[in-house]
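Visitor: Please give me a close look at one part of this structure. Start with a single pairing, then follow the connections outward.

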Amino acid sequence: MRTAVILLVLLALAAIPGSLFPQRNVATDPAAVDKYAAENPNLAPWLDRIGFFDAYASPWFAAIYVLLLVSMTGCVLPRSLRLWRATRTPPPVAPRNLARLEDHHGWETDREAPMLLEAAARHLRKRRFRVVVTATEVRAERGYLREAGNLTFHLSLLVLLVGIAAGKLFGFEGRVAIAEGGTFANDRSQYDVFTPSAWTDVDDLESLSFRLDEFDVDYQVAGANPGQPTDFTAKVTVQRGNDPTPSQETVQPNRPLDINETKFFLTGNGYAPVVTVRDGRGEVVFTGPVLFLPLDANNSSEGVVKAPDAQPTQLAFEGLFLPTADVGPQGPYSMFPDTLDPQLFLTAYTGDLGMGDGVPQSVFALDRDELSQVEVDGQPINQALSVGESLVLPDGQGSLTFDGVSRFANFQIAYDPGKEITLAAAILILVGLTSSLAIRRRRIWVRILPCTNDEPRPGTQDESENDLSGKRSLIEVAGYSLTRRQAPPGEIGDLLAALKGLTGPGLVDPHADTASHKETST
C-alpha cells in the first residue's frame with residue numbers, strides 16, 4: 001500500500017507538465033504547441049526532448065502508470081482475498097472479561113439459561129445480526145457490508161485503471177469543421193486533426209458518413225445579455241455502413257451523435273462566406289464556402305481565400321467577415337453575432353502561394369513570402385463587400401464575388417472503448433467507499449454463567465441437584481464497535497429491555513451509573 005501511495009503521488013506530479021504546457025495533438029487547439037514554440041524558441045526544443053508536449057504519452061509517464069497498475073494488483077488482490085474471508089467469518093467467541101468492553105451490563109437471575117439465550121438470539125436476528133448460539137453464550141455481529149464495500153472499493157480501483165488503459169490504448173480523438181452542405185466520411189484522411197492511440201486500428205474505423213444539412217443558432221435579442229446564444233442545433237443526414245436508408249439526426253452540445261460508440265460532439269461554430277473567384281482569363285477557379293475563424297463574441301471572423309489554379313498568376317484574399325458590420329474609430333467591427341448586415345473586408349494578393357513545395361499549410365493562414373499586395377494608385381486594395389458585390393482587381397488580374405453566407409460547425413469525434421468500464425468502476429468506487437464509511441461493523445455478546453458464590457438452596461439434600469437450571473446465573477451483555485464510530489445508541493438498551501421481562505426484578509437498570517454495573521459484574 002505504501003508503494004501504491006508513492007506511485008500515485010508520482011503520477012500526480014508527472015501530470016503537472018500536461019497542465020502547465022500545451023499538449024501536441026489536442027483536438028481543441030491543435031496549433032498550441034507551434035504557437036508556444038514560436039514564442040519560446042530557446043526553451044521549446046528542450047521541453048520537447050523530455051516529452052513535456054506529450055506528457056501523457058511519454059515513456060516516463062507510461063512507466064509510472066504501469067508500475068502503479070502492477071503495485072495496485074499486488075496490493076489489492078491479497079487484500080481482497082482477506083476481505084472476502086472476513087465477510088464469511090462467523091462472530092468470534094466472547095472475550096474472557098466482558099466488563100472491559102463498552103456498554104457492559106450484568107445481573108443475576110434464576111431463569112433457565114437456554115430460554116434467555118434463545119430470547120437474545122431471536123431479538124438480534126430480527127435486527128439483522130448474524131447470530132451464533134452456544135450452550136453459554138450468544139455471539140452476534142452486524143455490518144459485514146462494510147467489508148463488502150471495502151472489497152468493492154479496492155477491486156473497482158483495478159477495474160478503473162483497466163478502463164482508462166483500454167481507452168488510451170484503443171481509442172482515438174479527432175476534429176473536423178464542416179460547412180452547411182458539406183459531407184464527412186469516417187476516414188483518417190477526412191479529419192482536420194486525428195490523434196490515434198497506441199493500438200488504434202486506423203484502417204478499421206466505424207463505417208459511416210454524414211452531411212451537414214443545416215446549422216441553426218438562436219441569439220438573445222433583448223434582456224440583460226443581447227447577443228448571447230441560446231441554442232445550437234446541427235441537422236445531419238447520416239449513412240451507417242451498408243445500411244441503404246439514411247437517417248435524419250439532430251446534434252446539440254449535450255446531445256452528441258453516437259454511432260456504435262463513435263461519438264460526434266458539437267464543440268464550436270462560425271461563418272463560412274460563400275465566394276466565387278475568377279482569374280485573369282475570366283475562368284472560375286474557386287467557388288464555395290470558406291471557413292472564417294471567430295475572433296470575439298460577436299463573431300468577427302478572419303479568414304483566407306486561396307486560388308492556386310488562377311492564371312496567369314495565383315490569387316489570394318485575406319480579411320474579415322462581420323455578420324453585422326459597422327465602422328468605428330478603431331476600424332470595422334461586428335455589432336451583433338447574427339447576420340443582420342454581413343460584409344466582407346478583403347485585401348488582395350498575387351504571386352506564388354507556396355502550395356507546390358510539399359509543405360503543409362493552414363487553410364486559415366497566408367504565406368506572404370512570395371506574394372505581392374494588389375494596389376491601385378499606390379494604395380492597397382481594402383474593400384468592403386456586401387452580399388452580391390464583387391472585388392475587381394486592376395489590370396484584368398481577376399475578381400472575387402461575395403455570393404452569400406453559410407455556417408460551419410466544429411465536431412469533435414471520440415472513440416473510447418473503456419469509458420463504460422471506467423464509469424461503472426467510478427460508480428462502484430463511490431458505492432464501496434460510502435458503504436465502508438457509513439456502515440458500522442459491531443459485535444454483541446450475551447453470556448450466561450453460574451454464579452460462583454451460590455450456596456445449596458434450602459430443602460435440597462444433595463449439592464448435585466443444584467445444576468445450572470436450578471442455580472442463580474450471572475448474565476453479561478456487552479458490545480464492541482470495530483470502527484471508529486460508536487454503535488447506534490440504544491442498541492444494547494433494546495436488547496436489555498427485551499430480556500427484562502424474562503429475568504425479573506433482579507435486572508440492573510441499564511441507565512444506572514457505571515460503577516454499579518461494574519460492582520454487580522464483579
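**Strand E4 and beyond**

Guide: Find Glu173 and look across to strand E6, where its bridge partner is Thr195. Keep in mind that this is a predicted model. Glu173 belongs to strand E4, which covers residues 172–179. E4 and E6 (residues 193–196) run antiparallel and are joined by 4 bridges.

Now look at E4's link to another strand. E4 is joined to strand E24 (residues 398–415) by 8 bridges. This pair also runs antiparallel. Take Val176 as a marker: its bridge partner in E24 is Phe411. How many of E4's 8 residues are buried? The count is 7, so the strand is mostly covered.

Stay with Phe411 for a moment. Phe411 is part of one aromatic cluster. Its other members are Phe172, Phe184, Tyr191, Phe194, Phe210, Phe264 and Tyr415. Phe172 falls within the residue range of E4, and Phe194 falls within that of E6. Phe411 and Tyr415 fall within the range of E24. The cluster therefore draws on members from these three strands.

Aromatic rings pair up elsewhere too. The whole structure holds 18 aromatic pairs. One of them is Phe21 with Tyr36: the ring centres are 6.1 Å apart and the planes stand at 85°, so the pair is edge-to-face. The angle decides the label, because planes over 60 degrees apart count as edge-to-face. Where do the two residues sit? Phe21 is in the loop between helix H1 (2–20) and helix H2 (32–39), and Tyr36 is in H2. They are 15 residues apart in sequence, so the pair ties those two parts together. Phe21 is buried, at 18% relative accessible area. Tyr36 is buried too, at 17%.

Helix H1 also leads us to the surface. Ile6 lies in this helix. Its relative accessible area is 48%, so Ile6 is partly exposed. Ile6 helps make a nonpolar surface patch of about 750 Å². The patch also includes Met1, Val5, Val9, Leu10, Leu13, Ile16 and Leu20.

For an exposed residue, go to Leu340. Leu340 sits in the loop between strand E17 (331–334) and strand E18 (343–351). Leu340 counts as exposed, at 61% relative accessibility. Its C-alpha is 9.6 Å from that of Leu322, and the two are 18 residues apart in sequence.

Next come the charges. Side chains of opposite charge can pair when their charged atoms come close. The structure holds 15 salt bridges. One of them joins Arg443 and Glu141, at 3.0 Å from N to O. Arg443 is in strand E25 (residues 442–450), and Glu141 is in strand E3 (residues 137–142). They are 302 residues apart in sequence, so this pair ties together distant stretches of the chain. Arg443 is buried, with a relative accessible area of 19%. Glu141 is buried as well, at 1%.

Compare that with Arg211 and Asp213. Their side chains meet in a salt bridge of 2.7 Å, N to O. Arg211 is partly exposed, at 37% relative accessibility, and Asp213 is partly exposed at 30%.

A further salt bridge joins Glu318 and Arg368, with their closest N and O atoms 2.5 Å apart. Glu318 is in strand E15 (residues 314–322), while Arg368 is in the loop between E18 and strand E19 (371–373). The two residues are 50 apart, so the pair links distant parts of the chain. Arg368 is partly exposed, at 41%.

Some salt bridges share partners. They join Glu141, Arg146, Glu147, Arg441 and Arg443 into one network. Arg441 has another contact: its charged end sits over the ring of Tyr144, 4.7 Å from the centre. Arg130 also lies over the face of Tyr144, at 3.6 Å from the ring centre.

Finish at E3, the strand of Glu141. What surrounds E3? Of its 6 residues, 5 are buried, so E3 is largely enclosed by the rest of the structure. Strand E2 (residues 130–133) pairs with E3 in the antiparallel sense over 4 bridges. Val131 has Ala140 in E3 as its bridge partner. A hairpin of 3 residues joins E2 to E3. E3 also runs antiparallel to E25, with 6 bridges between them. There, Arg142 stands opposite Arg442.

Terms used:
Residues numbered from 1 in each chain as written. Predicted model: local features only at pLDDT ≥ 70, side-chain atom pairs only at ≥ 80, totals over all residues. Heavy atoms only, no water. Phe/Tyr/Trp six-rings, centres within 6.5 Å; stacked < 30°, edge-to-face > 60°. Buried < 20%, exposed > 50% of the residue type's maximum accessible area, 1.4 Å probe, protein only. Lys NZ or Arg CZ within 6 Å of the ring centre and 35° of its normal. Patch = residues over 30% accessible without salt bridge, like charges linked within 9 Å, V, L, I, M, F, W, Y side chains within 5 Å. Areas by Shrake-Rupley, 256 points an atom, 1.4 Å probe, with all protein chains shown as cover. Salt bridge = Lys/Arg side-chain N within 4 Å of Asp/Glu carboxyl O. Pairing = 2+ DSSP bridges.
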